[in-house]
Amino acid sequence: FFFKQKTAYEIKECDWSSDVCSSDLNAFHPAKVSKTAEQRIRGMLAIRDAAHATLAVQETGGDATDSRARLNAAYDEFVAKYGPINAKANRSAIKGDPGAHFLRSLEKWNKETDTATKADMFTKDTINPTVVHEHADSVADGLGIALSERGTVDVERIAQLTGQSKLAVSKELTDKGLAYRDPSSGWQPASIYLAGNVRQKLAAARQAAKLDKTYEPNVAALEKVQPEDVPYDEIGVRLGAHWTPASDVAQFAKELTGTWGDADKVFECAYIPQLGEWSFAFQTGREAEWAKNSAGTRAYETGRVPFSTILSSALNGTPIVVRDKAGDDKFVVNKEETDSAQAKVQEVKDKFAEWIWADEERRKRLHRYYNDNFNNIRDVQFDGGHLTFPGMNPAFKRSEEHTSELQSHSFISYAVFCLKK
């Protein structure tokens, strides 16, 4: 019998029914398809199956002459009865089937004249066969075959292809810079290993090399691809940057106000990552009380807004608005006091910009931290020269750029075929 499952048509053998049925999970029900529509669908499914069989023979490198003859016979018989596949009645009958577009592609359809000619697969092979490699002349060739077949650096497969030992293959892969063994995740092509967070990878490779000298080539290769450091005077560090240590912010407040004693005993400062906010306040104790009332502190506050609120505003980028009471439940903005407070916030920000790089120890520490954490990525340099594209139409010519792009997609588990004719 013949059934429709979510408009996906198929022909099934059955000794109890030849009705047109629709499938609802595992249950079959009579489908509302006319007898003529059923015959059209049966004819198109015969063409589809013959086309798939022809392609399957080509994929294995076999002679598709007989399969192609059966395809032509099925197509000619159908067209003689019902017209081209792309004719309106046939399109309507097969509409919604996942294979409908494949069927319609078997014809070159002229919309203006409503006429069709057969596609190339009716007269010649249209896909590349799948090549099974049994030998590689070099480790580099073996790597290309392994990547094309499996998408990974398979040392055992390369050894099988070249006739060399796995140890010899491993050594040549690293000595020639073809691939590297990541200490945490195993073998990777050089294009992948020498990309991404290369500073982190270098640190891991150096640590691994202390225990195993086979990782020394990793260190040498990674050292060559490290991003050039961004000069410290090109790094803009705003007051409130999340990566600035809280201890530095407290030290800035101490030096800004001329407070004596240890900064951590005077100020309570912390960045709260869960909220993306800074908290800043005076500690309790004699030193903090003295600092609150010092002349240095008063220089960076207003009569209405204390220093802790000024610095908190600068850290979090939140505006200060001063309001006066104008009735039992009414408040109005005091523009003069608000502007005065905002001016103090900007003054504190400007002082921080001057202060942050002034100390040599702090400059070296923050400069190193910034480059290690925010200037650590190297783009992947893909080379898809090893890809063979079994099953692709040989009439399509791939540019080097497109081939490399396809390789980049293959490493994130999907392929987008950008083919240039």
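How are H6 and H7 oriented to each other? In this predicted model, the two helices are roughly perpendicular, because their angle of about 105° falls in the range of 65 to 115 degrees that counts as such.

## The H6–H7 pair

Two packed helices are described by the angle between their axes and the distance between the axes. Helix H6 covers residues 155-162, and helix H7 covers residues 166-175. Their axes lie 9 Å apart. H6 and H7 are therefore roughly perpendicular to each other. On the H6 side, the contact is made by Val155, Glu156, Ile158, Ala159 and Thr162. H7 supplies Lys166, Val169, Ser170 and Leu173. By class, the residues of this contact are five nonpolar, two polar and two charged.

## Overall make-up

The chain has 421 residues, and 39% of them count as buried. Its secondary structure comprises 18 helices and 14 strands. Among contacts with a separation of 6 or more, 51% join residues 24 or more positions apart.

## Helix H10 and its packing

Helix H10 spans residues 216-224. Its buried residues are Asn218, Val219, Ala221 and Leu222. These residues pack against one strand and two helices: strand S7 (179-182), helix H8 (190-193) and helix H9 (198-211). An α-helix has 3.6 residues a turn, so residues three or four places apart point the same way.

## Asn218, a buried polar residue

Asn218 lies in helix H10. Its relative accessibility is 1%, so Asn218 counts as buried; the cut-off is under 20%. What does the side chain of Asn218 reach at 3.0 Å? The partner is the backbone oxygen of Arg181. The Asn218 side chain also makes a polar contact with the side chain of Tyr193, at 3.2 Å.

Beyond neighbours within four places in sequence, Asn218 is in contact with Tyr180, Arg181, Tyr193 and Ala205.

## Glu228, an exposed loop residue

Glu228 sits in the loop between H10 and helix H11 (246-257). Is Glu228 buried or exposed? Its relative accessibility is 72%, so Glu228 counts as exposed; the cut-off is over 50%.

Glu228 still has contacts beyond its neighbours within four places in sequence: Arg199, Asn371 and Asn375. Asn375 is 147 residues from Glu228 along the chain, yet their C-alpha atoms are separated by 8.3 Å.

## Two hairpins

Strand S5 (residues 107-110) runs antiparallel to strand S6 (residues 115-118), and four bridges join them. Asn110 has Thr115 in S6 as its bridge partner. Four residues lie between the strands of this hairpin. Which residue in the hairpin of S5 and S6 takes a positive phi? Asp114 does, with a value near 55°.

S7, a strand that H10 packs against, also pairs with strand S8 (residues 186-189). S7 and S8 run antiparallel and are joined by four bridges. Asp182 stands opposite Gly186 in S8. The hairpin from S7 to S8 passes through three residues. In a regular strand the side chains alternate between the two faces of the sheet.

Technical notes
Residues are numbered from 1 along each chain as its sequence is written. This is a predicted model: local features need pLDDT of at least 70, side-chain atom pairs count only at pLDDT 80 or more; totals for chains, interfaces and linings use all residues. Side-chain values use heavy atoms; hydrogens and water are left out. Buried means under 20% relative accessible area, exposed over 50%, partly exposed in between (1.4 Å probe, protein chains only). Contact means heavy atoms within 4.5 Å. Axes are lines fitted to C-alpha atoms, for helices over the stretch in contact, and angles run from 0 to 180 degrees between N-to-C directions. Angles under 35 degrees count as roughly parallel, over 145 as roughly antiparallel, 65 to 115 as roughly perpendicular and the rest as oblique. Ala, Val, Leu, Ile, Met, Phe, Trp, Tyr, Cys and Pro count as nonpolar, Asp, Glu, Lys and Arg as charged, and the others, Gly among them, as polar. A polar contact is a pair of N or O atoms within 3.5 Å; within protein, one must be able to donate a hydrogen and the other to accept it, and residues adjacent in sequence count only if both atoms are side-chain atoms. Two strands pair if DSSP finds at least two bridges between them.
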